[in-house]
Amino acid sequence: MDSPSFRIHSLDHVQLAMPPGGEDIARGFYSGVLGLKETPKPANLAKRGGVWFESGELRIHLGVEQDFRPAKKAHPAFQVRDLEALARHLKNASVAVVADEPLEGYDRIYAADPFGNRIEFLEPFPSPLHPPLARNP
C-alpha cells in the first residue's frame with residue numbers, strides 16, 4: 001500500500017450534544033463554572049441553536065440534539081493545571097466529582113456537565129515523586 005499524501009495532525013474541536021433550549025444552562029457551566037470563553041457561532045450555524053466555547057487551543061461545541069441522550073462513556077478529556085483546585089471548585093459549584101483508576105503519569109477525575117455528558121479532567125504528574133490525588137471512597 002502506498003503511503004498517503006495526507007496526515008491528520010491535530011484536533012480542531014470536540015462537540016457534545018445538549019437538549020433544545022439548553023444554551024443558558026451550558027453557559028452557566030462551561031463559562032460560569034469552567035471559565036471557558038463563549039465564542040460566536042457562524043450565522044449559518046447559529047440558527048441551529050447550541051453554543052461554542054474556547055480557551056487557548058481548546059474548543060468545545062455544544063450542539064442541539066432533538067432526541068438528546070447524554071454521552072456516558074464517550075467523553076472529551078481536558079488537560080488542566082492544578083487538578084486538586086479544579087476538583088474543589090467543581091464540588092463548591094455542586095458538581096459531583098468522581099475519581100477513577102490511576103492512569104500512568106496522570107491524576108484524573110470525571111464530572112458530568114449539566115446535561116449528563118461525561119467529561120474527564122487530567123493533569124500530568126510533574127515528576128515520578130508526585131503523589132496521586134487522594135481518592136474518595
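This report describes a four-stranded sheet, a helix that lies across it, and a set of salt bridges.

## Basis of the description

The structure is a predicted model, in which local features need pLDDT of at least 70, side-chain atom pairs count only at pLDDT 80 or more, and totals for chains, interfaces and linings use all residues. Residues are numbered from 1 along each chain as its sequence is written, and side-chain values use heavy atoms, with hydrogens and water left out.

Helices (H or I, at least four residues) and strands (E, at least two) are DSSP runs, numbered from the N terminus.

## The sheet

Four strands form an open sheet in the order β5-β8-β7-β6, and their pairing is mixed. Two strands count as paired if DSSP finds at least two bridges between them. The edges are held by β5 (77-79) and β6 (97-99); each has a single partner strand, so one side of each lacks a neighbour in the sheet. From one strand to the next, the twist averages 30°.

Strands of a sheet pair through backbone hydrogen bonds, either parallel or antiparallel. Between β5 and β8 (residues 118-124), the pairing is parallel and extends over three bridges. Phe78 has Phe121 in β8 as its bridge partner.

## The helix across the sheet

Helix α3 (residues 83-92) lies across β6, β7 (106-112) and β8, and runs at about 20° to β7. Axes are lines fitted to C-alpha atoms, for helices over the stretch in contact (heavy atoms within 4.5 Å). Angles run from 0 to 180 degrees between N-to-C directions.

## Salt bridges

A salt bridge is a side-chain nitrogen of Lys or Arg within 4 Å of a carboxyl oxygen of Asp or Glu; by this rule there are seven. For their surroundings, buried means under 20% relative accessible area, exposed over 50%, and partly exposed in between (1.4 Å probe, protein chains only).

One of these salt bridges joins Arg27 and Asp24, at 2.9 Å from N to O. The two residues are three apart in helix α1 (residues 23-33), which means that about one helical turn separates Arg27 from Asp24. Arg27 is partly exposed at 29% relative accessibility, whereas Asp24 is exposed at 60%. Another salt bridge links Asp67 with Arg69, whose closest N and O atoms are 3.7 Å apart. Asp67 is exposed at 53%, and Arg69 is exposed at 60%.

Asp100 and Arg108 also form a salt bridge, at 3.6 Å from N to O. Asp100 is partly exposed at 28% relative accessibility, while Arg108 is buried at 11%. Through shared partners, salt bridges connect Asp100, Arg108, Arg118 and Glu120 into one network.
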